[in-house]
Amino acid sequence: MKILMFGTREDEKQAALDWARRENVEVTFNEGPLTMETVNLLDDYDAVTTSQTAKLDDALYEIVARKGIKQLAQRSAGFDMFDLDKAAEHGLIISNVPSYSPNAIAEYAVTSAMNIIRNTEKIQRKVREHDFTWNKSIISKEMRSMTVAIIGTGRIGSITGQILKGFGAEVIGYDIYPNEAAKSFLTYTDTLEEAIKDADLISIHMPLTKDNQHMFNAELFAKMKDGVYIVNTARGGILDTKALLEALDSGKVAAAALDTYENESPYFPKDYRGKEIEDEVLLELIFRDDVQVSQHIAFYTETAVMNLVEGGLNSAKEVVETGTCENRVN
Ligand code: NAD
């Protein structure tokens, strides 16, 4: 069996080589994404795994299927870059790796929350300027005095809530499907509005769907407590970034940590040193010291990368061998 691995990064290669040896499968690396330019490489392969960050070109589903490929095995939990209906129309199975290490993202969400609450960015800037004073602009709150709202209490949200409970925070949660286990460390509210109205910190952990695009908008910010902290390690599109900037300017939001940004795909995870960034909103996010912006990196731990590589390759192989796979999403 021959599998083509699109979007291969250097840090993924060893895990892929170890898997290929163990499973007796030939794996070929390609550093670029699956595009109209690279799709012809599939001619010699039985299966494919991708690491797409931008939306897949609509024309590709038909071309991939025509080449006898039965699936696209994405190496991430998110699969919003695929049109599931279009894939199904052409008999293509889309799979993800739903749970490769929720702890990785949860720990980053907590780290980000602590950074914005403790003003670490501002403190470091002052130290670099040799301003060693203590003053009101860098005084912090303590997590144990805060009410934290977890929006989306699935795998990642639950672990985030549990860690923050360990810090002594009061944890509340909102989810369209509350889970029993989470009730041991958080209190559910019936609506999103109830969850956000008394929260000092809001951490977002739900998937981006057709229904929650810009769910965090000016209207919702207006219902929050003054000086609320917001952490988004889920998907940028859930949050209206321009409305967030206005809420930061007015003081409604004290600070935000964004590991995802709604228009991130031209930039994350690419090297833009020496190149011009045309996105004015992204430039403002990077420039502000009440925003911590990162390059969709919350997942990026050694454990997570190994699990993602193996998860993608396993699904690709499973479809070839059985005609379906456990992690199919369409
Ligand atoms: P999960 O499916 O285990 O949990 C998501 C939860 O959100 C579910 O309980 C679901 O019922 C709930 N939900 C869905 N729509 C909702 C809505 N409109 N309102 C409230 N709750 C809603 O998923 P997970 O593994 O915890 O991952 C959560 C998200 O984190 C993913 O969808 C992905 O977008 C994001 N993620 C980010 C990174 C990163 O590196 N930043 C990495 C992995 C995942």
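Biologist: Where does Thr233 lie?

Modeller: Thr233 sits in the loop between β10 (228-232) and α9; helices (H or I, at least four residues) and strands (E, at least two) are DSSP runs, numbered from the N terminus. This is a predicted model, in which local features need pLDDT of at least 70 and side-chain atom pairs count only at pLDDT 80 or more, while totals for chains, interfaces and linings use all residues. Residues are numbered from 1 along each chain as its sequence is written, and side-chain values use heavy atoms, with hydrogens and water left out.

Biologist: Why is Thr233 called buried?

Modeller: Its relative accessible area is 9%. Buried means under 20% relative accessible area, exposed over 50%, and partly exposed in between (1.4 Å probe, protein chains only), so Thr233 counts as buried.

Biologist: Which residues is Thr233 in contact with, leaving aside neighbours within four places in sequence?

Modeller: Contact means heavy atoms within 4.5 Å. On that basis Thr233 is in contact with Ile105, Tyr108, Ala109, Ile204, His205, Asp259, Thr260 and Ala298. Thr233 is also one of the residues that come nearest to the ligand, together with Arg155, Ile156, Asp175 and Asp259. The ligand has 21 residues around it, each with a heavy atom within 4 Å of it.

Biologist: What makes the approach of Asp175 to the ligand a polar contact?

Modeller: An oxygen atom of the ligand is 2.6 Å from an N or O atom in the Asp175 side chain. A polar contact is a pair of N or O atoms within 3.5 Å; within protein, one must be able to donate a hydrogen and the other to accept it, and residues adjacent in sequence count only if both atoms are side-chain atoms. Asp259 meets the limit too, with an N or O atom of its side chain 2.9 Å from a ligand nitrogen. At Phe299, a polar backbone atom is 3.2 Å from a ligand oxygen. The protein covers 86% of the 860 Å² of accessible area that the ligand has on its own (Shrake-Rupley method, 1.4 Å probe).

Biologist: What makes Thr322 exposed?

Modeller: Its relative accessibility is 53%, so Thr322 counts as exposed. Thr322 belongs to helix α11 (residues 302-322), and its side chain reaches the backbone oxygen of Thr324 at 2.7 Å.

Biologist: Why is His296 called partly exposed, and Asn119 buried?

Modeller: His296 has a relative accessible area of 24%, so it counts as partly exposed. Asn119 has 11% relative accessibility, so it counts as buried. His296 is in the loop between β12 (291-293) and α11, and Asn119 is in the loop between α4 (102-117) and α5 (120-128).

Biologist: What is phi in Asn119, and in His296?

Modeller: Phi of Asn119 is near 60° and that of His296 near 55°. Most residues other than glycine have a negative phi, and most peptide bonds are trans. The bond joining Phe268 and Pro269 is cis, with omega about -5°; Pro269 lies in the loop between β11 (253-258) and α10 (280-287).

Biologist: Which residues touch the most other members of the largest nonpolar core?

Modeller: They are Ile151, Ile202, Ile204, Phe216, Phe221, Met224 and Ile230, out of 36 residues. Such a core is a set of buried Ala, Val, Leu, Ile, Met, Phe, Trp, Tyr and Cys residues joined through side-chain atoms within 4.5 Å. Helix α9 (residues 241-250) supplies the largest share of this core, five residues. Apart from it lies another core, of 22 residues, including Met5 and Tyr100.
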